[in-house]
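Visitor: I have a model open and I'd like to learn how to read it feature by feature. Can you walk me through it?

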Amino acid sequence: MSEENSSSFMKSLFFGEIREDLIFPYPKASAEVGDTVRMVLDSIDKFAKEHVKSSEWDEKGQMPREIISYMSELGMMGIAVPEDLGGLGLPQIGYARIMQEMAGIDGALAVTLGAHQSIGYKAMLLFGNDEQKKRFLPRLASGQLIACYCLTEPGSGSDAASIKTKAVLSPDGKHYLISGNKLWITNGGIANFMTVFAKVEVVENGEKKEKVTAFALELPAEGVSVGPAEHKLGIRSSWTNAIHYDNVKVPVENIIGGVGAGFKVAMGVLNHGRMGLAAGCVGGAKKAIEASVLHANERVQFKKKIGEFGMVQEKIGRMMMNCYVAESMVYMTTALVDRKTVDYSLESAAAKIFATEMLWETVDENLQIWGGNGFMKEYPYERWLRDARINRIFEGTNEILRAFVALSGMQGPGQELAGLAEAIKYPLKGLGPVSDFAIRRVKRNLMGVTITKAHPALKKFAAILEEYTTEFATQVDVLIQRHGKNIFLRQFAQKRIADIAIDFYAMACLLSRVTRAIEEKGLEKCELELAMTEAFFHRSNRRVRNNIKSIDKNDDDSMKLIAAKAYELGKYPFEAFAD
Ligand SMILES: Cc1cc2nc3c(=O)[nH]c(=O)nc-3n(C[C@H](O)[C@H](O)[C@H](O)COP(=O)(O)OP(=O)(O)OC[C@H]3O[C@@H](n4cnc5c(N)ncnc54)[C@H](O)[C@@H]3O)c2cc1C
């Protein structure tokens with residue numbers, strides 16, 4: 001296993017290994033962080049009661065600008081900025097807890113706050129040099145500067161590397177001149193600090209290339225024009241704007257992370273920022289569960305509380321279980337981020353995918369439990385559904401993130417297998433890699449993996465993860481050998497691989513968290529946790545089994561043919577009553 005993979009829990013799964021040391025014991029915020037977060041949560045609660053008018057804002061499609069000043073007064077604009085630069089200095093675990101709370105209060109408000117600090121000035125926080133940090137972070141943390149993250153363009157969404165915005169060095173070498181168009185920029189209408197991604201011409205090995213570069217742009221600046229706020233399905237009161245740059249001057253000292261390093265910066269920001277979004281989904285789901293439970297306990301039909309009906313119980317059970325799993329993944333991942341030495345890119349993608357889909361299902365089922373009332377504007381539930389929808393689209397669509405999980409995970413075993421093929425082709429160079437590989441695979445298949453740190457009461461669940469991890473790694477090898485580099489094009493397979501890996505991470509987080517719960521509270525007080533573990537493993541075990549089986553036996557060819565026909569015909573061609 002490569003050095004890089006050895007520090008990633010999910011990447012090691014692709015080699016058939018379980019890095020228990022990365023996920024046990026289940027993390028917990030320090031007492032100091034806990035105290036600060038509790039204080040902030042108290043003030044958020046008061047702020048929400050006094051100032052947040054979600055339904056009115058949603059109706060108007062705008063929240064009042066002063067709301068940012070109130071949030072600034074509470075220190076909310078610099079949650080993760082170091083204290084010596086004017087922020088609260090909280091680690092990711094604390095940041096996530098606050099974003100969870102904000103999203104439970106109002107989705108649009110959480111997105112506004114998240115666009116400012118989960119992504120807006122995150123490049124500065126993670127990749128800025130000391131001088132830049134001193135120049136910008138205190139004002140960003142105080143709310144004097146409001147940030148946005150400007151990557152998406154009309155022709156470049158998921159394919160972020162294809163941006164067309166250009167930055168050209170001025171003849172005196174002191175400035176770059178940025179020109180181009182950005183689209184759907186959250187906070188675009190209120191920001192006076194923009195992290196702008198643009199392409200700069202560089203010469204590499206004597207060849208001219210255009211490479212993405214990140215710039216910190218402070219407003220006002222001549223040549224920047226911001227379009228009107230977009231009308232949206234959900235998070236309607238947040239600002240979403242197009243931005244046009246016409247030869248906008250940015251000093252060379254404002255390049256973040258170096259010329260040409262912008263793609264790494266953009267992706268690094270998103271990997272990090274996704275935890276705020278995923279934590280927000282947990283906050284939204286908790287609120288929806290509360291609403292569902294209230295109605296299930298109160299509404300009477302057929303002379304019974306609707307909560308007594310099995311179909312409603314199944315919904316509540318599923319909502320609770322999935323929220324618990326998502327929360328376990330989110331806080332595990334924040335702890336991986338806080339370790340600072342661990343590669344958490346796959347885990348943050350997995351937590352984002354799981355949490356956003358969990359929230360969508362939860363707000364949908366909540367609306368269903370509320371029946372006709374759920375559909376009415378008089379209640380907030382239809383808004384919660386609308387607000388939740390965006391999470392599966394921004395900060396990396398869930399499709400792109402699934403492809404990322406699968407391909408990034410398979411890269412390690414792929415490189416190992418490529419090295420192996422090379423060694424077989426040129427045996428005179430020595431067959432060391434072949435024998436190493438063979439020994440590792442034989443060992444893996446004979447000995448399997450053992451989870452030693454899960455509580456003994458969870459043995460049967462740990463056994464499921466142990467069994468499938470070996471099977472999964474074998475299937476990964478088979479797929480790589482079958483498709484070689486073309487695995488890049490095999491998205492049906494990628495989706496299965498990603499879904500298995502996400503389920504594994506979810507299982508592992510659950511084992512770790514419930515182990516901690518049992519150790520702290522005792523087995524007898526963990527009835528609810530154990531029931532959720534039982535239910536989740538039952539369901540995820542079935543999903544994993546199906547996904548593994550479907551690697552070889554599936555309907556992919558039929559699906560491709562159906563899609564191809566639809567593209568060819570441009571419509572659904574049947575009409576049952578006249579066929
Ligand atoms: C409300 C809102 C706020 C936003 N805020 C910001 C912001 O602050 N800053 C910013 O830079 N951007 C922002 N965005 C843009 C957002 O990040 C993009 O919408 C998102 O990345 C998807 O790009 P796209 O909309 O162009 O969709 P496309 O990339 O065109 O994708 C369309 C569909 O095709 C799928 N697809 C595309 N490529 C592939 C592939 N290779 N494999 C499989 N499926 C694929 C996608 O998953 C999606 O389902 C925001 C968008 C919205 C709607």
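Guide: Sure, let's pick one residue and look around it. Val330 touches Ala96, Met275, Ala278, Ala279, Val282, Ala351 and Ala355, leaving aside residues up to four places away in sequence.

Visitor: Which residues have the most contacts inside the largest nonpolar core?

Guide: Val330 is one of them, along with Phe215, Met329, Ala350, Ala355 and Ala501. That core holds 166 residues. Helix H18, residues 491–521, supplies the largest share of the core, with 16 residues.

Visitor: Before I go on, what pLDDT does the chain average?

Guide: This is a predicted model, and the protein chain averages a pLDDT of 95, with 95% of the residues scoring at least 70. Residues 1–5 fall below 50, and that stretch makes twelve contacts in the model beyond its near neighbours in sequence.

Visitor: Now the overall shape. How does the radius of gyration sit against that of a compact globule?

Guide: The rule of thumb scales with chain length, so 579 residues packed as a compact globule would come out near 25 Å; the protein chain has 25 Å, which agrees. Along its principal axes, the C-alpha trace spans about 80 × 70 × 65 Å. Buried residues account for 46% of the 579. As for contacts between residues at least 6 apart in sequence, 76% join residues at least 24 apart.

Visitor: And what is the chain built from, in helices and strands?

Guide: There are 20 helices and ten strands. At the next level up, the chain is divided into domain 1 (31–142), domain 2 (147–260), domain 3 (265–399) and domain 4 (415–565).

Visitor: How many residues of domain 3 are in contact with domain 4?

Guide: Twelve residues of domain 3 are in contact with eleven of domain 4. On the domain 3 side, helix H11 (310–339) and helix H12 (345–369) each supply at least two residues. H11 gives the most, eight residues. By type, that side of domain 3 divides into nine nonpolar, two polar and one charged. The C-alpha centres of domain 3 and domain 4 lie 25 Å apart.

Visitor: On to backbone geometry. What should I expect of phi and of peptide bonds?

Guide: Most residues other than glycine have a negative phi, and most peptide bonds are trans. Now for the cases that go the other way here. The bond from Phe24 to Pro25 is cis, with omega near -10°, and Pro25 sits in the loop between helix H2 (20–23) and helix H3 (31–51). The bond from Leu219 to Pro220 is also cis, with omega near 5°; Pro220 lies in the loop between strand S5 (207–218) and strand S6 (224–226).

Visitor: Where do I find Asn205, and is Asn205 buried or exposed?

Guide: Asn205 is in the loop between strand S4 (193–204) and S5, and its phi is near 50°, a positive value in a residue other than glycine. To judge burial, count C-beta atoms: Asn205 has 5 others within 10 Å, so it is exposed.

Visitor: What is phi of Lys303, and why does Lys303 count as exposed?

Guide: Phi of Lys303 is near 60°, again positive in a residue other than glycine. Lys303 counts as exposed because it has 5 C-beta neighbours inside 10 Å. Its place is the loop between strand S9 (300–301) and strand S10 (304–305).

Visitor: What about Leu169: how many other C-beta atoms lie within 10 Å?

Guide: Leu169 has 14, so it is partly exposed. Leu169 belongs to strand S2 (residues 166–169). The C-alpha atoms of Leu169 and Glu50 are separated by 49 Å, with their positions 119 residues apart along the chain.

Methods:
Residues are numbered from 1 along each chain as its sequence is written. This is a predicted model: local features need pLDDT of at least 70, side-chain atom pairs count only at pLDDT 80 or more; totals for chains, interfaces and linings use all residues. pLDDT is the predictor's confidence in each residue, from 0 to 100. Two residues are in contact if their C-beta atoms, placed from the backbone, lie within 7 Å. A nonpolar core is a set of buried Ala, Val, Leu, Ile, Met, Phe, Trp, Tyr and Cys residues joined through C-beta atoms within 7 Å. A residue is buried if 20 or more other C-beta atoms lie within 10 Å of its own, exposed if 12 or fewer, and partly exposed in between; C-beta atoms are placed from the backbone. Helices (H or I, at least four residues) and strands (E, at least two) are DSSP runs, numbered from the N terminus. Domain bounds come from an automatic or database domain assignment. Ala, Val, Leu, Ile, Met, Phe, Trp, Tyr, Cys and Pro count as nonpolar, Asp, Glu, Lys and Arg as charged, and the others, Gly among them, as polar. The radius of gyration is taken over C-alpha atoms; the globule rule is 2.2 Å times the number of residues to the power 0.38.
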